[in-house]
Structure formats: structure tokens, C-alpha cells
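Got your viewer open? Here is a guided tour, one selection at a time.

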Amino acid sequence: MNDLERQLRHALRPKPAPPGFAVRVLERTVRTRRRAAFWIPAAAAAGLLITGGIVHQRDVARGEEAKRQLLTALEITAEKIHFAESKVRRLEALEQRQ
Amino acid sequence: MEADFAELVRANESQVYSLAWHYLRNRPRAEELAQDVFLDLYRNLGAIQSEDHARHWLRVAICRRCLDETRRRRFEPVNGLDHAPEPAGPAEPGDPLLADFLERMVASLGGPARMVMILRYQEDLDPADIAAVLDMPLATVKSHLHRSLEKLREKLTRKGVKA
């Protein structure tokens, strides 16, 4: 090793970290953990709410569809009853005439 | 885990901070980058197998952060060679003026060459280890070292300093 390299080794020797450096790093890890402790349950709750909302919307849509189908079925039944009634009345009128 | 991490910070804070400081020559930014790197280590603590592994991991991480910093041109060290007090006459070992002058000259080198010099003379790594840390071909590392030393010698000679 020559003189220049020896001088470089001296000039670039490691410097001590600023006072309180380790404490500041550890404080940042605590803050990171606290943020994670808040955001993970918050994200989970938000996820549950969104899922619940989607399920609710789907249930409402299914209910609406069931109601529509029921009304259609009732309309068809009413028509059939009306048709049967008119047929019965016609038959009764024929019997009375005879 | 917390105690292990605190121990890793204390054992490596000087190495990590010094690498950033010698590269950036800016105390607040060097501390910020060093803290970021320790925070990354904390997040990846599960993958760390030993103290040596942590030391290597930290060295690679801080070098990358520093190089990224200059690549993004967000930060260039204030070298101010013109403002550096000039050492005069033959260099004494441990001469603080010469040490400051050399630090500034190293800081005036281009990003990768500067990092190669810091790893060589701060960390005492041989060229093969430097190549591994910086993910750089060995020939490039050797060439950076050779050219940087030549440049420094030339500048010192021009200033009339015998080193």
C-alpha cells in the first residue's frame, strides 16, 4: 500500500453516527408498527363493509327479481281463474236454458 | 426480535451512516438514507440469517440508495474543491487538512467511481467484493480504482502536495 492509499484510508475512515441515531431509527419502527396496527384492522373492516354492501345489493336485486316473478305468476293465475269462471258461467247459462 | 434489531442498529450504524456521508457529504440526507435502510432491514428481518448477512445486506442497500440518489439527480454533493483549505508541503500521516482535501476529492468523482473508492478505503473491501456489492464487472471496479487514484495523484501533484 502506498502513501496515497494510506491517506485515503485515514480520510475515509468510518465516522460515528450522529448522537441519538439508533433511538430515532427505533422510534421510526415503532411508528411504522403503530401505523400497521391501525391500517390492517381498518382495511379489514373496510373490506367487510364493502363485501357486506355487495352481498346486500345482490340480495336486494334477487328480492326484486323474485317479486317480479311472483307478480307475473299471480297475473297468469288470475287470468286462468277468470277464464275458468267465464267458462263455468257459460255452461251454467246453457244448462238453465235447457 | 426487537432486541436483536436494536443490537443490529447499534453494531452497524457507523458503517451505514459513513457510507452515505462519504458519498453525499450532506449530514441530514446521509442520516435520512441511513434510517430508511435500517427501516427496510426491519421490514425484512425475517430473511436475515446472521449478523454478517445483516452487515452485507445493509452495505448493499445503502450503496444502492446512494447511487439512486445521484441517478435521479436529486442530489449531488457540494464538493467545493476550490473552497477546501489546501494542505501544504509533505503530507503527515493523519493530517486533518489533507484528510479533508482527499474526502472532497473523492466526493468530486462520478457516482460509481466514488462508491468504489469509498468501499475500497472505508470498508477495506477488495475489488471482487466491491464488484459483488455493486453488481458491477470486476474489470470495471479495477478500472474505476486505477483511474480515480491516478486522478487524485495528479490533483495532489498539481496542488504541490506530496502524498
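Where is the place of Leu152(B)? Select Leu152(B) and you land in helix H7 of chain B. Before going on, keep in mind that this is a predicted model.

**Stop 1: Leu152(B)**

Leu152(B) counts as buried because 22 other C-beta atoms lie within 10 Å, and the cut-off for that label is 20 or more. Leaving aside residues up to four places away in sequence, Leu152(B) touches Leu4(A) and Met105(B). Now add Leu102(B) to the selection. Leu102(B) and Leu152(B) sit 50 residues apart in sequence, yet their C-alpha atoms are 7.9 Å apart in space.

**Stop 2: the rest of helix H7**

Widen the selection to helix H7 (138-158) of chain B. How far apart are the end C-alpha atoms of H7(B)? They are 30 Å apart, which agrees with the 30 Å that 21 residues should span at 1.5 Å a residue.

Colour the buried residues of H7(B): Val141(B), His144(B), Ser148(B), Leu152(B) and Leu156(B). They cover an arc of only 85° around the axis, so they lie on the same side of H7(B). There is a general reason to expect such patterns: an α-helix has 3.6 residues a turn, so residues three or four places apart point the same way.

Spin the view to the other side of H7(B), where Ala139(B), His146(B), Glu150(B), Glu154(B), Thr157(B) and Arg158(B) are exposed. And what covers the buried residues of H7(B)? The cover includes helix H1 (3-11) of chain A, together with H4, H5 and H6 of chain B.

**Stop 3: where H5 crosses H7**

Show H5(B) alongside H7(B). Their axes come within 9 Å and cross at roughly 90°, which makes H5(B) roughly perpendicular to H7(B). To see who meets whom, select Pro112(B), Ala113(B), Val116(B), Met117(B) and Arg120(B) in H5(B), then Val141(B), His144(B), Leu145(B) and Ser148(B) in H7(B). Sorted by class, this contact has six nonpolar, two polar and one charged residues.

**Stop 4: Gln122(B)**

Go along to Gln122(B), in the loop between H5 and helix H6 (127-134) of chain B. Is Gln122(B) buried or exposed? Gln122(B) counts as buried, because it has 22 C-beta neighbours inside 10 Å. Chain A supplies Leu12(A), Arg13(A) and Pro14(A) among the residues that Gln122(B) touches, and chain B supplies Ser18(B), Leu19(B) and His22(B), again not counting residues up to four places away in sequence. Gln15(B) is another one to click on: it is 107 residues from Gln122(B) in sequence, with the C-alpha atoms 8.6 Å apart.

**Stop 5: the two chains together**

Now colour by chain. The contact between them takes 31 residues from chain B and 23 residues from chain A. Which elements give two or more residues to the side of chain B that touches chain A? They are helix H1 (2-24), helix H2 (27-43), helix H4 (96-107), helix H5 (111-121) and helix H7 (138-158) of chain B. H1(B) provides the largest share, 10 residues. By class, that side of chain B divides into 18 nonpolar, seven polar and six charged residues.

**Stop 6: helix H3**

Pick out helix H3 (residues 51-71) of chain B. Its 21 residues should span 30 Å at 1.5 Å a residue, and the end C-alpha atoms are indeed 30 Å apart. Among the buried residues of H3(B) are Leu58(B), Ile62(B) and Cys66(B), and also Arg59(B), Arg65(B) and Glu69(B).

**Stop 7: some backbone angles**

Most residues other than glycine have a negative phi. Select Arg25(B), which has a positive phi of about 50° although it is not a glycine. Arg25(B) lies in the loop between H1 and H2 of chain B and is buried, with 20 other C-beta atoms within 10 Å. Next comes Asp135(B), with a positive phi near 55°, in the loop between H6 and H7 of chain B. Asp135(B) is exposed, with 9 other C-beta atoms within 10 Å. Finish with Gly160(B), just after H7(B), where phi is positive at about 75°.

**Last stop: zoom out**

Chain B comes to seven helices and zero strands, and 37% of its 163 residues count as buried. Chain A comes to two helices and zero strands, with buried residues making up 8% of its 98 residues.

Technical notes:
Residues numbered from 1 in each chain as written. Chains lettered and ligands numbered in written order. Predicted model: local features only at pLDDT ≥ 70, side-chain atom pairs only at ≥ 80, totals over all residues. Helix = DSSP H or I, 4+ residues; strand = E, 2+ residues; numbered from the N terminus. Expected span 1.5 Å × (residues − 1). Buried ≥ 20, exposed ≤ 12 C-beta atoms within 10 Å, placed from the backbone. Contact = placed C-beta atoms within 7 Å. Nonpolar A, V, L, I, M, F, W, Y, C, P; charged D, E, K, R; others polar. Axes fitted to C-alpha atoms, helices over the stretch in contact; angles between N-to-C directions. Parallel < 35°, antiparallel > 145°, perpendicular 65-115°, else oblique. Arc of directions from axis to C-beta.
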